[in-house]
Amino acid sequence: MTIIIIILVAMIIGLLIYNITIHKKIEQFNALNRQANNLRVLQDFLTTIGETSSVDEKIQKINDILIEKYEIKYSTIVVFDGTEYQIKASNVDKKHWETLKKLQDVPIFKDSVATATPKYITVNNDKEKLPYQESEFARAKSAIFFPIYEENVYIGYWIIESGVPHDFDNIDTTIFEVIKDNIVAVLRTVVHQKTLESIVRKDLFTGLYSEEYLYGEGKKIIDQYTTSAVCMFRIANIEEINEKYSRKLGNETIIKVSQYIKNNIVDEYLFIRYMGPKFVIVFSGVDPDSAVSFIENQKQEIEKLNISLKKDNFEEIELDEIDKKKKTNKKDKNSEVVKPKLNFVITTYYKGTGMEEVLKKLEQYLDSCDKSENNITTI
């Protein structure tokens with residue numbers, strides 16, 4: 001009998017050890033599975049960052065990834081833009097956005113912001129509502145508020161919500177802390193792109209976009225193709241026009257040249273004012289050899305233009321013979337005519353490479369060649 005009891009105890013101990021071992025292996029497997037899922041999410045984040053889309057579109061897509069991969073009911077990312085809090089991404093109905101972008105002022109979340117720690121709130125039944133809810137009752141019954149800091153500076157928050165009371169009671173918030181850190185990394189990565197998007201301006205003289213356009217919105221069009229032809233040209237005799245005639249006539253030359261090309265270029269091609277008398281044309285999806293024929297035609301026609309200042313309209317008054325003679329002999333600046341001379345350089349842009357490096361190479365060529373050069377050069 002004693003032997004049987006010993007055997008049973010040994011078997012029970014063995015089963016316990018086995019169960020403990022299995023449990024540890026399951027925990028290790030779950031941990032590895034979570035890590036793998038986090039890596040997949042991070043990879044999706046990185047892929048999204050590299051896509052040719054605006055910053056706001058990227059943040060919205062990242063939020064969509066979080067909702068899908070972690071089966072979150074509602075997810076909202078709010079960022080302070082320097083003047084006010086703005087919802088950068090959310091799958092919540094827009095009628096609730098005014099409430100969601102004021103959560104930093106809700107008393108229950110103020111301590112969370114001050115201590116940089118997440119705050120979990122929930123209700124016990126469907127008749128209760130969360131503290132920050134104003135007119136809504138049925139949508140959210142549980143929420144976790146994550147303050148977002150970048151280099152110890154509070155820049156906004158991320159809030160996830162569920163329509164089920166106590167839905168986040170047993171959730172591992174460390175996973176979401178990692179996600180929050182990834183959100184911060186994404187915001188830090190795309191800040192430069194956002195800056196470029198916000199500083200794009202139209203030139204007052206020509207109505208053309210500035211150089212920065214090529215690094216943001218323009219890049220979406222260009223990167224639809226594997227290669228494109230990039231052309232930079234300079235009005236080669238602009239200094240001569242400014243010095244010999246007037247800067248006003250030089251400005252008029254810049255306006256007329258840009259207007260001519262703008263009126264003859266198709267929408268798929270980008271035409272921007274690069275700097276001063278330098279302009280850039282990007283022939284999206286076209287190789288340099290094919291673009292040269294268009295450039296040759298534009299160059300020939302533009303260099304035939306007779307550009308002068310428009311005569312001012314003066315009120316007619318009676319003049320005596322002496323005044324009439326003085327007016328006849330006086331040199332009329334508005335009658336001076338110039339013909340522009342253009343110097344072109346063209347190269348290939350490859351999708352995924354730096355546009356700024358391509359433009360720098362073209363600019364270096366135009367700056368280093370003879371100022372009187374008046375050609376079409378492929379490099």
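**Exercise 1. Classify M11 by its accessibility in this predicted model, then place M11 on the surface**.

Solution.
- Start with the number. M11 has a relative accessible area of 49%.
- Apply the cut-offs. Buried means under 20% and exposed means over 50%, so a residue in between is partly exposed. M11 is therefore partly exposed.
- Locate the residue. M11 sits in helix α1, which covers residues 2-50.
- Look for nonpolar company. I3, I7 and M11 make a nonpolar surface patch of about 320 Å².

**Exercise 2. Describe the chain as a whole: its elements, its burial, its contacts and its surface**.

Solution.
- Count elements. The chain has 11 helices and 10 strands.
- Take burial next. Of the 379 residues, 41% are buried.
- Turn to contacts. Consider those between residues at least 6 apart in sequence: 66% of them join residues at least 24 apart.
- Finish with the surface. About 22,000 Å² is exposed, and carbon and sulfur atoms supply 53% of that area.

**Exercise 3. Work out the strand order of the open sheet that holds β8, and find its edges**.

Solution.
- Write down the order. The 5 strands run β7-β8-β6-β9-β10, with mixed pairing.
- Pick out the edges. β7 (270-275) and β10 (376-378) each pair on one side only.
- Add the twist. Ignoring direction, neighbouring strands of the sheet are turned by 25° against each other on average.
- Add the first helix. α8 (residues 247-264) packs on the sheet and touches β6, β7, β8 and β9 (342-350). The direction of α8 makes about 155° with that of β6.
- Add the second helix. α9 (residues 288-302) lies across β6, β8, β9 and β10. The angle of α9 to β9 is about 160°.

**Exercise 4. Trace the pairing of β8 with β6 and with β7**.

Solution.
- Take β6 first. Strand β6 (residues 227-235) runs antiparallel to β8 (residues 278-283), and 6 bridges join them.
- Assign partners on this side. R234 stands opposite K278. V230 has V282 as its bridge partner.
- Now take β7. It is also antiparallel to β8, with 5 bridges between the two.
- Assign a partner here. I272 is bridged to V280.
- Inspect the turn. The hairpin of β7 and β8 has 2 residues between the strands, and G276 takes a positive phi near 55° there.

**Exercise 5. Are the faces of β8 covered or open?**

Solution.
- Count buried residues. In β8, 6 of 6 residues are buried.
- Split them by side. One side carries K278, V280 and V282. The other carries F279, I281 and F283.
- Conclude. Both faces of β8 are covered.

**Exercise 6. Compare the backbone setting of A116 with that of H166**.

Solution.
- Recall the background. Most residues other than glycine have a negative phi.
- Check A116. It is not a glycine, yet its phi is positive, about 60°.
- Check H166. Its phi is also positive, about 60°, and H166 is not a glycine.
- Place A116. It falls in the loop between α4 (107-115) and β3 (119-122).
- Place H166. It belongs to the loop between β5 (153-162) and α5 (173-199).
- Classify both. A116 has 36% relative accessibility, so it counts as partly exposed. H166 has a relative accessible area of 33%, so H166 is partly exposed too.

Note on methods:
Residues are numbered from 1 along each chain as its sequence is written. This is a predicted model: local features need pLDDT of at least 70, side-chain atom pairs count only at pLDDT 80 or more; totals for chains, interfaces and linings use all residues. Side-chain values use heavy atoms; hydrogens and water are left out. Helices (H or I, at least four residues) and strands (E, at least two) are DSSP runs, numbered from the N terminus. Buried means under 20% relative accessible area, exposed over 50%, partly exposed in between (1.4 Å probe, protein chains only). Contact means heavy atoms within 4.5 Å. Accessible areas come from the Shrake-Rupley method with a 1.4 Å probe; for residues, only the protein chains shown count as cover. Patches are made of residues with over 30% relative accessible area and no salt bridge: like charges are joined within 9 Å, nonpolar side chains (Val, Leu, Ile, Met, Phe, Trp, Tyr) within 5 Å. A salt bridge is a side-chain nitrogen of Lys or Arg within 4 Å of a carboxyl oxygen of Asp or Glu. Two strands pair if DSSP finds at least two bridges between them. Axes are lines fitted to C-alpha atoms, for helices over the stretch in contact, and angles run from 0 to 180 degrees between N-to-C directions.
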